[in-house]
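Student: Could we go through this model together? I'd like to know where the labels come from.
Tutor: Sure, ask away.

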Amino acid sequence: METTLLKVSSKSSPANVAGAIAGLIKDGKGVEIQAVGAAAVNQAIKSVAISRGFLSPVGIEISIVPAFATITINEETRTAIRFKVLVIKK
């Protein structure tokens with residue numbers, strides 16, 4: 001399964017990210033969400049909650065699994081949090 005990595009920042013719109021999550025899930029693609037920093041993680045979690053509202057009425061339930069990831073931004077090593085989105089069959 002093809003997996004798409006969505007990078008969320010503190011300035012990301014949760015509704016827009018939620019729409020991307022829902023669209024990818026409906027297309028049968030895997031989704032991972034990456035965030036660096038508390039504010040970005042907050043936006044990512046809000047996005048997941050909103051996307052559940054888009055997917056639940058069509059019979060798709062999702063859950064997330066968090067993990068740490070080491071990434072490089074401007075030649076600097078940072079720790080990000082990645083959320084793997086799991087589809088739960090009803």
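Student: What makes the lining of the largest pocket seven nonpolar, two polar and three charged residues by class?
Tutor: The classes are fixed by residue type: Ala, Val, Leu, Ile, Met, Phe, Trp, Tyr, Cys and Pro count as nonpolar, Asp, Glu, Lys and Arg as charged, and the others, Gly among them, as polar. The lining includes Met 1, Ile 25, Lys 26, Gly 28 and Val 31, so Lys 26 goes with the charged class and Gly 28 with the polar one. One caution: this is a predicted model, where local features need pLDDT of at least 70 and side-chain atom pairs pLDDT 80 or more, while totals for chains, interfaces and linings use all residues. Residues are numbered from 1 along each chain as its sequence is written, and side-chain values use heavy atoms, with hydrogens and water left out.

Student: Which element gives the largest share of that lining?
Tutor: β4 does, with four residues.

Student: How do you know that Arg 52 and Glu 61 form a salt bridge?
Tutor: The rule asks for a side-chain nitrogen of Lys or Arg within 4 Å of a carboxyl oxygen of Asp or Glu. Here the closest N and O atoms are 2.8 Å apart, so the pair qualifies under the 4 Å limit. By this rule the count comes to one salt bridge.

Student: Why is Glu 61 called buried, and what is Arg 52 called?
Tutor: Buried means under 20% relative accessible area, exposed over 50%, and partly exposed in between (1.4 Å probe, protein chains only). Glu 61 has 16%, so it counts as buried. Arg 52 has 39%, so Arg 52 counts as partly exposed.

Student: Is Asn 74 buried or exposed?
Tutor: Asn 74 has 75% relative accessibility, so it counts as exposed. You'll find Asn 74 in the loop between β3 and β4, with a positive phi near 50°. From Asn 74 to Glu 61 is 13 residues in sequence and 37 Å in space, C-alpha to C-alpha.

Student: How do you know that β3 and β4 pair?
Tutor: Strands (E, at least two residues) are DSSP runs, numbered from the N terminus, and two of them pair if DSSP finds at least two bridges between them. β3 (residues 60-73) and β4 have 14 bridges, in the antiparallel sense, so they pair. Within that pairing, Ala 69 stands opposite Ala 80.

Student: What joins β2 to β4?
Tutor: Five bridges join β2 (residues 30-35) to β4 (residues 76-89), so these antiparallel strands pair too. Ile 33 has Phe 83 as its bridge partner in β4.

Key:
1 Å grid on protein atoms, 1.4 Å probe; cavity = no way out; pocket = protein on both sides within 12 Å on 5 of 7 lines; lining within 4 Å.
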